[in-house]
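Some labels in a structure need a reason behind them. Below, a few such labels are questioned in turn.

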Amino acid sequence: MASGVTRPGAEPARERASTSAVRFSHVSRAFGDVQAVDDVSLDIDDGEFFSLLGPSGSGKTTCLRLIAGFDHPTSGTIELHGVEVSGVPPYERDVNTVFQDYALFPHMTVGENIAYGLMIKRVPGAEREVRGREMLELVRLPGMADRRPAQLSGGQRQRVALARALINRPRVLLLDEPLGALDLKLRQQMQVELKAIQRAVGITFIYVTHDQEEALTMSDRLAVMNSGRIEQVGTPADVYEHPATGFVAGFVGVSNLVSGETARALTGLPATFTIRPEKILIREPGASVTDGMCWADGRVRDVVYLGAHTRYWVELDAGGELVITQQNVESTSMDVLAARDRRVRLVWHRLHNRPVETTG
Amino acid sequence: MAARAPTARASFGLKAATVAVLLFLHLPLTVIILFAFTTEDAAFRFPPPGLTVNWFGVAWQRADIWAALSLSLRVAALTALAALVLGTLAAAAVHRSRFFGRETVSFLVILPIALPGIITGIALRSAISLLGIPFSVWTIVIGHATFCVVVVYNNVLARFRRTAYSQVEASMDLGASPFQTFRYIVLPSIATALLAGGMLAFALSFDEIIVTTFTAGQQETLPIWIFNQLTKPRQRPVTNIAALFVIAGTFIPILLAHRMTQGTVEAGRAGR
Amino acid sequence: MSTAAASPTRRLSIYLYRRPALALTLLLAPPLLWLGVVYLGSLFALLLQSFFTLDSFTGQVVRKLTLANYRDLFVAANIDIIVRTASMAAAVTVAAAVVAFPISYYMARYATPRGRALLYLGVLLPLWSSYLVRVYSWKLILAREGVLNWTLVQMRLDGVLNWLLSLPVIGGPSLSVSRLGMFVVFLYVWLPYMILPIEAALERVPESLLEASADLGARPRETFRRVVLPLAFPGVVAGSLFTFSLTLGDFVVPYALGNSALFIGQAVLAFQGTAANVPLAAAFTVVPMVIMAFYLTIARRTGAFEAL
């Protein structure tokens with residue numbers, strides 16, 4: 001596994017054994033002056049759980065709609081399993097979508113909703129019923145076939161939308177922020193279920209979200225997008241441990257971005273780098289520093305107690321500030337809050353400094 | 001300003017004025033109903049000398065009334081159909097696409113009903129005679145449909161705007177072509193809007209007199225028949241009975257259309 | 001990709017998917033053809049006709065552009081028609097505004113939400129019943145021995161009625177054949193069109209404004225004059241657009257309750273019908289259009305369009 005600097009947009013070199021399910025080649029989509037998608041090239045493999053992660057307006061939903069066929073790229077090509085699809089309408093593509101607002105048909109029952117795709121393909125009624133029941137079992141909503149969408153809760157509607165899409169056995173499933181409307185506990189439960197379903201069914205899932213924790217939890221690989229461009233593609237570990245740009249470092253998890261004079265003071269070079277808060281240790285002032293470690297002295301400006309861990313903001317003597325996260329293994333809230341205004345020495349492995357492109 | 005409880009009581013004068021206006025608006029129609037039963041031929045003497053239902057029998061015999069009624073019904077039905085098709089097409093086009101001249105379509109659709117009837121009437125009449133088309137049911141329908149498109153257009157467009165477009169995309173995503181999507185998804189969601197618009201178009205057409213005078217040639221719709229009777233004092237009660245038909249033919253469809261769009265109207269007003 | 005054999009509609013859909021402009025054109029073509037070509041075209045043809053003349057010998061339309069018809073409009077008899085119609089329209093508009101105001105005010109400020117909905121329905125109901133029949137009903141009511149006469153006799157006011165009928169211009173042999181009668185009927189049929197916009201405008205006046213005015217020392221009458229009326233004015237103007245325009249173009253009421261003194265609508269009908277003088281009739285229709293165009297531009301400045 002390659003480490004170190006990775007150029008934005010490029011993936012680390014790896015074995016490409018599986019076939020490509022979705023391939024973007026220099027795809028752009030402009031709306032007037034706005035570039036919603038800017039020269040995106042991407043390869044998504046068959047059977048993987050792939051996430052598009054980014055803030056609102058980053059172009060991730062547009063990419064999804066381009067795959068589904070609801071929108072055309074202004075330039076570039078999109079291939080589905082090796083076939084170019086620019087003139088192919090959504091109803092001819094072997095792709096199904098779970099919409100953000102679920103888009104269940106209000107005038108049909110749950111069963112009719114789920115079996116809609118089969119009904120269109122003229123699958124006979126008996127078979128539709130059997131497969132419909134299978135799907136309801138899969139999404140853990142047995143016996144709900146005769147209910148109407150209006151009678152269901154948000155989480156139940158979400159599962160019906162999933163079943164409706166999966167029943168057609170598409171080769172690629174697109175999910176547009178499907179868990180956004182659910183509360184935290186339900187969302188975490190659904191994340192686990194979705195991942196399990198994906199493994200069971202074995203098809204490619206392309207998942208759009210702005211929640212980086214969600215993307216890290218569920219994905220085999222993910223792409224971080226910003227303003228229509230891809231900042232980085234890689235596995236969750238890749239992206240977290242080796243962020244390619246400052247944006248990725250800041251968006252995926254919390255990070256410290258160190259540049260300019262502070263960087264020079266800490267590392268001897270003015271090159272910009274990021275360092276994860278949990279990698280920094282807090283020691284007493286004057287603590288010894290072994291070879292291969294960076295260190296900096298400073299004063300604790302603020303402390304926030306977060307239950308399982310604590311976050312510290314430390315003003316550095318050398319200028320600038322660092323954020324540190326520590327697990328509350330032995331300390332209590334009383335202890336940690338008393339740290340305010342104390343002088344400390346911060347120590348961490350030099351290897352954890354990740355250089356980034358300054359434009360990030 | 002949302003609904004709020006009245007802060008003060010209205011003065012007696014204000015309430016009296018309100019009641020007076022309401023009576024002013026509603027009493028005249030009751031007169032028509034009353035004089036359908038008078039025994040007197042000239043039918044305006046008040047109090048009526050006597051009451052009878054004979055006139056219904058007389059009206060039943062009148063072939064010209066039947067002809068006029070049937071023409072009116074046919075025209076209204078055809079108009080509603082034409083307005084439904086044209087209005088839905090226009091609403092679909094305006095709702096889905098951003099194209100140059102979008103507001104122009106809305107303006108164009110509303111123009112026939114906004115301009116005074118005589119203008120629409122005479123314009124169509126000169127166009128019809130210019131093109132050498134003989135006056136018939138179809139010329140009447142052409143005239144009516146032109147200003148009835150707007151009621152369907154407005155109803156359907158409003159309904160389109162209230163329906164999430166993601167449903168249409170979901171349907172296509174699941175394999176349905178636009179035609180199938182229209183049949184299974186769009187049509188059910190605009191069904192009541194179509195019905196309401198169609199009924200309003202029917203009512204507008206059934207009652208129409210001004211444009212029809214120009215586009216009908218020799219034919220008589222029921223309103224034209226009544227119009228021709230206006231200055232004839234004979235057998236007035238029969239005219240009243242014909243008038244009752246016209247009232248029914250306009251009132252009932254509009255009432256039904258109102259009921260159908262009721263939920264949305266109330267919600268809209270409550271939200272003000 | 002689906003492997004099912006594609007039906008013809010499906011193949012058409014796929015074809016149109018690649019050509020969105022064509023799909024839009026197909027969708028818009030029928031209504032646009034109808035309204036754009038048929039309707040606009042005939043309007044334009046009408047306007048064009050107003051610049052042609054009718055050769056009184058041959059009875060044929062002479063297709064030479066001329067302003068002869070418009071000059072004819074200034075002939076005394078025709079000017080009479082225009083003035084007659086316009087003054088009726090103005091009188092009806094003013095009266096409608098006055099009569100509509102109390103009920104609009106009550107609906108907007110004093111009615112409970114349920115009461116307001118009922119009143120709304122009450123004002124709309126007459127509109128739902130045939131316009132022609134409503135005019136016809138007044139013919140019965142206004143007749144010499146009709147309901148109104150009987151009521152006035154009971155109230156011993158028949159002398160007033162006779163006096164009114166003896167007046168020149170607005171009087172006549174009977175209310176049902178007089179300018180006065182026409183005025184009442186016009187007022188009756190267009191009244192709902194005035195009530196609704198005024199009610200809407202009044203409803204939009206926040207209670208807080210009235211309270212502020214009272215707080216600053218104004219008595220109810222002053223608040224009404226200085227706060228309510230100006231804010232309700234756009235609604236009045238919006239309503240007047242309807243009453244004015246509808247009266248200008250109408251021929252049914254003048255026909256039913258008028259005499260030989262023609263109104264614009266009757267003139268148009270007469271000229272294009274018996275006289276077959278479509279060019280002159282066309283010129284006549286331009287008159288209400290021009291008047292309304294002026295009216296609309298003035299009305300827009302008062303903000304009436306938002307009150308619609």
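The questions that follow concern a predicted model.

Q: What makes domain 1 of chain B and domain 2 of chain B count as being in contact?
A: Residues are in contact if their C-beta atoms, placed from the backbone, lie within 7 Å. Ten residues of domain 1 (10-52) and ten residues of domain 2 (62-270) of chain B are in contact, so by that cut-off the two domains touch. Their centres, taken over C-alpha atoms, are separated by 31 Å.

Q: Which kinds of residue make up the side of domain 1 of chain B that touches domain 2 of chain B?
A: Eight are nonpolar, one is polar and one is charged.

Q: How do you know that chain B touches chain A?
A: With the cut-off at 7 Å between C-beta atoms, 14 residues of chain B are in contact with 17 residues of chain A. On the side of chain B, helix 7 (166-173) and helix 8 (178-207) each give two or more residues. Helix 7 of chain B has the largest share, six residues. This side of chain B divides into seven nonpolar, five polar and two charged residues.

Q: Why are strand 11 and strand 18 of chain A said to stand at the edges?
A: The open sheet has three strands in the order 11-12-18. Strand 11 (256-258) and strand 18 (354-355) of chain A each have a single partner strand, so one side of each lacks a neighbour in the sheet.

Q: What makes strand 11 and strand 12 of chain A a pair?
A: Pairing needs at least two bridges. Strand 11 and strand 12 (residues 273-275) of chain A have three, in the antiparallel sense, so they pair. Leu257(A) stands opposite Thr274(A) in strand 12.

Methods: Residues are numbered from 1 along each chain as its sequence is written. Chains are lettered from A and ligands numbered from 1 in the order in which they are written. This is a predicted model: local features need pLDDT of at least 70, side-chain atom pairs count only at pLDDT 80 or more; totals for chains, interfaces and linings use all residues. Domain bounds come from an automatic or database domain assignment. Ala, Val, Leu, Ile, Met, Phe, Trp, Tyr, Cys and Pro count as nonpolar, Asp, Glu, Lys and Arg as charged, and the others, Gly among them, as polar. Helices (H or I, at least four residues) and strands (E, at least two) are DSSP runs, numbered from the N terminus.
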